[in-house]
Protein chains: 2
Amino acid sequence: MATENALIDGALRNWHSNMDRVGRFFRSLSDDDLQKEIAPGKNRLIYIWGHLSATNDRMIPLLGFGERRYPELDLIFISQPDRAVPHNFAGEAIGDMWGQLGDLLWSEFAKLTPAEWLDRHQAVSPEDFEREPHRNRYAILLGRTTHLAYHLGQAILVKR
Amino acid sequence: MATENALIDGALRNWHSNMDRVGRFFRSLSDDDLQKEIAPGKNRLIYIWGHLSATNDRMIPLLGFGERRYPELDLIFISQPDRAVPHNFAGEAIGDMWGQLGDLLWSEFAKLTPAEWLDRHQAVSPEDFEREPHRNRYAILLGRTTHLAYHLGQAILVKR
């Protein structure tokens, strides 16, 4: 049991460290900064922060933690590319959601036992999970951590 | 034991998936493509691929798997920024190292028991590890996986 918990602790530390880096980076920016593109013609910073917030929101039902808080984010930040859907989100509004979602996920993570981490996530059917037991909550945690890092690497290209 | 192995399996799958994405992306590029910058004035693709290769090479001693294979990469791709040290590495040469290092690490990973994953890595002293047991091999695996994703997110900004 100590071994299991230490392995989960490692993954949680990696999640937390990336969440922290993303949050500190975006919170340091002005609304003008957030309108900048990561590269010519590519996503703006505000889009990336909204996209990562929406992704975190989607983790709530995916991991069985309850209802989504901000499903309206999807249309703007997930299902459409940047600039396709006009919106008025400023950094402060995204920052509030970011903080709330981060707290919620972190407190739910802490309640899971190792066996619960290895339970299926909600996007895989019981039948498919029988054949593919690696499609569990832990895989979502690891995959969403690399997703944070993937977009952080892009965002950081914008110097203020 | 089943739980421990399933958790490690999850982290290994995440590593492998990111290694695979990085390898496929860079191998699809010509030497001309590899000279492109990820954004104006930023690293060239060849530098990022060399940097990730050097990072993988450094994992060999860090995880106790033996001697480095390509320590000469550090001067060009780690300790100095892009363009500081002239070099003649073409995509094929980096690709060969990339493949060899990936195979070596993957075969060494497979030999480790859960307890060995939780052993200290070689950049932390036994005394420090006593106080900070999370500085283990597993943390390196997780951290290097997010490092791959971080730079993949940047590299992918370059359309051919």
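## A buried lysine without a salt bridge

In this predicted model, A:Lys42 is buried, meaning that its relative accessible area is under 20% (1.4 Å probe, protein chains only), yet A:Lys42 has no salt bridge. A salt bridge is counted when a side-chain nitrogen of Lys or Arg lies within 4 Å of a carboxyl oxygen of Asp or Glu. The nearest side chain of opposite charge belongs to A:Glu37 and is 9.9 Å away, where Lys and Arg count as positive, Asp and Glu as negative, and His and the chain ends are not counted.

What does the side chain of A:Lys42 reach? Its partner is the backbone oxygen of B:Leu157, at 3.2 Å. Leaving aside neighbours within four places in sequence, A:Lys42 is in contact (heavy atoms within 4.5 Å) with A:Glu37, A:Arg83, B:Leu157 and B:Lys159.

## The helix after the loop

A:Lys42 lies in the loop between α2 (31–34) and α3 of chain A; helices here are DSSP runs of H or I with at least four residues, numbered from the N terminus. Helix α3 of chain A covers residues 45–62, and its 18 residues should span 26 Å at 1.5 Å a residue, which agrees with the 26 Å between its end C-alpha atoms. The expected span is 1.5 Å times one less than the number of residues.

Because 16 of the 18 residues of α3(A) are buried, this helix is largely enclosed by the rest of the structure. After α3(A) comes A:Gly64, which has a positive phi near 75°.

## Arg83 in both chains

A:Arg83, one of the contacts of A:Lys42, sits in the loop between α4 (73–77) and α5 (91–111) of chain A. Although A:Arg83 is not a glycine, its phi is positive, at about 80°, and with 44% relative accessibility it counts as partly exposed, the class between buried and exposed (over 50%).

In chain B, B:Arg83 lies in the loop between α4 (73–77) and α5 (91–109). The phi of B:Arg83 is likewise positive, near 80°, and B:Arg83 is partly exposed, with a relative accessible area of 44%.

## How the two chains are related

Chain A can be laid on chain B with an RMSD of 0.0 Å by a turn of 180° and a shift of 0.0 Å along the axis, using a least-squares fit on the C-alpha atoms of residues with pLDDT of at least 70 in both. That is the relation of a two-fold axis. In chain A, the C-alpha nearest the axis is that of A:Tyr150, 2.1 Å from it.

Because 100% of the interface residues of chain A are also interface residues in chain B, the copies meet through the same surface.

## Notes on the model

Residues are numbered from 1 along each chain as its sequence is written, while chains are lettered from A and ligands numbered from 1 in the order in which they are written. In this predicted model, local features need pLDDT of at least 70 and side-chain atom pairs count only at pLDDT 80 or more, whereas totals for chains, interfaces and linings use all residues, and side-chain values use heavy atoms, with hydrogens and water left out.

Definitions and conventions:
Helix = DSSP H or I, 4+ residues; strand = E, 2+ residues; numbered from the N terminus. Polar contact = N/O pair within 3.5 Å; in protein donor to acceptor, adjacent residues only side chain to side chain.
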